[in-house]
Each structure stands twice: as structure tokens, then as C-alpha cells.
Amino acid sequence: RALLDSGAAVRVLTRHESDSRNLTSLPVETAYGDVRDITSLRSALQGCDTLYHVAAHYSLWTPRPDDIYATNVQGTTNLLQVALELGIQKVIYTSSVATIGTPDDGSPGDETMYLAPEHAIGHYKRSKILAEQAALKFCQQGLPVVIVNPAAPIGPWDIKPTPTGKIIVDFLRRKMPAYVDTGLNLVDVRDVARGHLLAAQHGKIGERYILGCSNMTLREILVLAAEVSGLAAPLWLVPYGLAMTLGYVCEGVAYLTGKPPLVPLAGVRMARRPMYFTAQKAVRELGLPQSPLAEAMREAVHWFRTHGYAS
């Protein structure tokens, strides 16, 4: 939508089996393929001048971890290899704040802090670190790559939903009677989209930019959701040890049923310390917007309700 609003001609790579509701009625050209199939990528990229690589397997739990690496790491390698072969003029690679370390004193992490794969919690974070490293290697080979690292986006069109959106959906469904003592950096998803375009225009090759906005405790996020939804915010603070126990139980059930756990263990482990970041580099160098999160939360709640995710 941001690209179309800017007047760009857009070609979208999607799989035949993907949920394509977000593309309905949009004037885009569709190329069918898969980042895991390098042959399908050559025709998809032919004639393009700019590549926005936003595809990823984004999940904090999966019964098949190899699938995450096949999409996030090998898929990125495949796509950037083809982009290098075809001489794409600019590549915006969507990484994640999952690849960025945070100081022990609780202060926000920034783009200078690289998290090592062996220190990553869970397969998703580790895969994103390895994929970002692959992108930087292609940059060294001459591919003009700019990296963006989105924080936790909220807003409309979250069809899956993402883990961030699931927090809101679970709250709306009254499945979140309690919370843990942690925090996230929230950002309006439309600012994230705009940040991609700004990175293509003003980003420096080989640099990475955090696309975020406000650091908020989980309690503050749920209070905001309560204010815009009319529901009551949970009052019970769950001790970390109990949350870990719930995580182990939920994952055990998940492996038996094949259904995602209500409380993913990786999410609990990551929650042990607040995941706070600063987006000042992107604000300063790219002009990243910092839209009010109350409006983003209001639109997220409205979208989830009107599309049947919650009442």
C-alpha cells in the first residue's frame, strides 16, 4: 500500500498456497514462487529495480524448526543471489530487532549492538541473525543492501496474526487474565512500511535501521488495549518461574496436538528482560515517522473485531 501510494509499479512474490487477502483489489502484478525455490525467483525479479525482501517464517514455535531456517536463511540467500545476478539497484532487507542485543542495565539497544547466534533465544531469532549475516555478506560482494529492523508492529491487516497481534487478539478474547513483567518497543505498522520506502531513498548501503517508536511495559500495552476496546486490563502479575512452567506445559501439549501453544516457551524466555530499543538513528537519518500508538492500537482492535478474530 505504501509503495502504491508513492506511485510505484509493484510486483508481489507470493506462493500459490499463501493467504492473499491483503492483496485483494490492489493494483499489483503477482508473481508466483517461493524463496526456497531459487528458479522461481529469477522470473519474479526480472525487470525490477528495487527489491523489498519482507518474506519470513515469523513464529515463536514450530514443530519443524528446519522450516524456519529453510525460509529465513536459505530463502534469503537464494533471493539475494538472484538479485546480485540480475543487478538489482537497491535491496531493502527486512531483518528484525531480534538480531539486536540489549544492554544488561536495561537501557535500549541500538544498531551497534549485534547479537551472536549462540546467544539467541529460539529458532526464529537465531534464523534472523543468520539471515542478516548473509545479507551483509552479499553487501560485501557488491549488492546494494540496506537493512531495516522492525520492532513490534501493531495496526490493521495482521491476517496471521503475528506474535504481536496475537497478544492483542488473546486480550480481546479474554485469554490473557494475567501478564509478565516485560516490555516491548511498539510501532505503527504503517510507519514500518513507510520506513522501508525511506530506507530505499535515504538509507546507507550496509547500514541497519531500527524501525520502532515507544518502549512500553506489557502492562502499559494491555492498559492501552483496554482503553481503546472497552475491556478491563488484567491485574495479576505472573511470576517468571510460573510463566516458565506454563510455557513448558503448553509446549508439551503443542507437540502432542500439533497446535501452537497458548504460551510459547521462547516468548517466555525472551520476556525475562525488556526488549527495548531506540529508533533515533532511523528518525534522524531516514525521517521515520513516530505516529501515536493509541491510534494504531485502536485500528488494530477495530480490524481484528470486524474481521472475526475477536468480538
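# A walk through the model

Start by selecting Leu60, which sits in the loop between strand 3 and helix 3. One thing to keep in mind as you click around: this is a predicted model. With a relative accessible area of 25%, Leu60 is partly exposed. Now show its neighbours. Leaving out residues up to four places away in sequence, Leu60 touches Pro163, Pro264, Ala266, Gly267 and Met270. Then draw a distance from the C-alpha of Leu60 to the C-alpha of Thr162: your viewer should give 9.7 Å, although 102 residues along the chain lie between one position and the other.

**The second largest pocket**

Stay where you are, because Leu60 is also one of the residues nearest the centre of the second largest pocket. Which residues share that spot with Leu60? They are Gly122, His123, Glu251 and Ala266, and the whole lining runs to 17 residues. The space inside is about 200 Å³.

Colour the helices next. Helix 3 (65–86), helix 4 (122–140), helix 8 (240–257) and helix 9 (265–270) each supply at least two residues of this pocket's lining. Sorted by class, the lining has 10 nonpolar, four polar and three charged residues.

**Thr62, in the loop**

Go back to the loop between strand 3 (50–53) and helix 3 and pick Thr62. Is Thr62 buried or exposed? Its relative accessibility is 9%, so Thr62 counts as buried. Zoom in on the side chain of Thr62: one of its polar atoms is 3.2 Å from the backbone nitrogen of Arg64. Beyond residues up to four places away in sequence, Thr62 touches His57, Ile68 and Tyr255.

**Tyr124, in helix 4**

Now select Tyr124, which belongs to helix 4. Tyr124 has a relative accessible area of 10% and is buried. What does Tyr124 touch, apart from residues up to four places away in sequence? Show His57, Tyr58, Ser59, Ile68, Asn72, Ser96 and Ala98 to see the contacts. You have met two of these names already: His57 and Ile68 are among the contacts of Thr62. Try another C-alpha to C-alpha distance here, from Tyr124 to Ala98: these residues are 26 apart in sequence and 8.4 Å apart in space.

**Along helix 7**

Next, highlight residues 218–229, which make up helix 7. Put a distance between the C-alpha atoms at its two ends and you get 16 Å. That agrees with the expected span: at 1.5 Å a residue, the 12 residues should cover 16 Å.

Which residues of helix 7 are buried? Select Leu218, Ile221, Leu222, Leu224, Ala225, Ala226 and Ser229. As you look down the helix, remember that an α-helix has 3.6 residues a turn, so residues three or four places apart point the same way.

To see what surrounds these buried residues, switch on helix 5 (163–172) and helix 11 (293–306), along with strand 7 (178–179), strand 8 (183–188) and strand 10 (214–217). The buried residues of helix 7 pack against each of these elements. Then step off the end of the helix to Gly230, which follows it and has a positive phi, near 85°.

**Backbone stops**

A few places reward a look at the backbone angles. Select Lys160 and Pro161 together: the peptide bond from Lys160 to Pro161 is cis, with omega near -10°. Pro161 is in the loop between strand 6 (152–154) and helix 5.

Trp157 is found in the loop between strand 6 and helix 5 too. Trp157 is not a glycine, yet its phi is positive, about 75°. Its relative accessibility of 33% makes Trp157 partly exposed.

For another positive phi in a residue other than glycine, jump to Ser25, where the angle is near 70°. You'll find Ser25 in the loop between strand 1 (11–14) and strand 2 (29–32). Is Ser25 buried or exposed? At 73% relative accessibility, it counts as exposed.

**Last stop: a cavity**

How many cavities of 30 Å³ or more does a search of the whole structure find? The search turns up one. To find the largest cavity, select the residues that line it: Thr102, Pro103, Gly106, Ser107, Arg273, Pro274 and Tyr276. They enclose about 30 Å³ of space. By class, this lining has three nonpolar residues, three polar ones and one charged residue.

Methods: Residues are numbered from 1 along each chain as its sequence is written. This is a predicted model: local features need pLDDT of at least 70, side-chain atom pairs count only at pLDDT 80 or more; totals for chains, interfaces and linings use all residues. Side-chain values use heavy atoms; hydrogens and water are left out. On a 1 Å grid over the protein atoms alone, a cavity is a set of points where a 1.4 Å probe fits but cannot get out, and a pocket is an open set with protein on both sides within 12 Å along at least five of seven lines; lining residues have an atom within 4 Å of a point. Grid points are joined across faces, edges and corners, and a volume is the space filled by probe spheres set on the points. Ala, Val, Leu, Ile, Met, Phe, Trp, Tyr, Cys and Pro count as nonpolar, Asp, Glu, Lys and Arg as charged, and the others, Gly among them, as polar. Helices (H or I, at least four residues) and strands (E, at least two) are DSSP runs, numbered from the N terminus. The expected span of a helix is 1.5 Å times one less than its number of residues. Buried means under 20% relative accessible area, exposed over 50%, partly exposed in between (1.4 Å probe, protein chains only). Contact means heavy atoms within 4.5 Å. A polar contact is a pair of N or O atoms within 3.5 Å; within protein, one must be able to donate a hydrogen and the other to accept it, and residues adjacent in sequence count only if both atoms are side-chain atoms.
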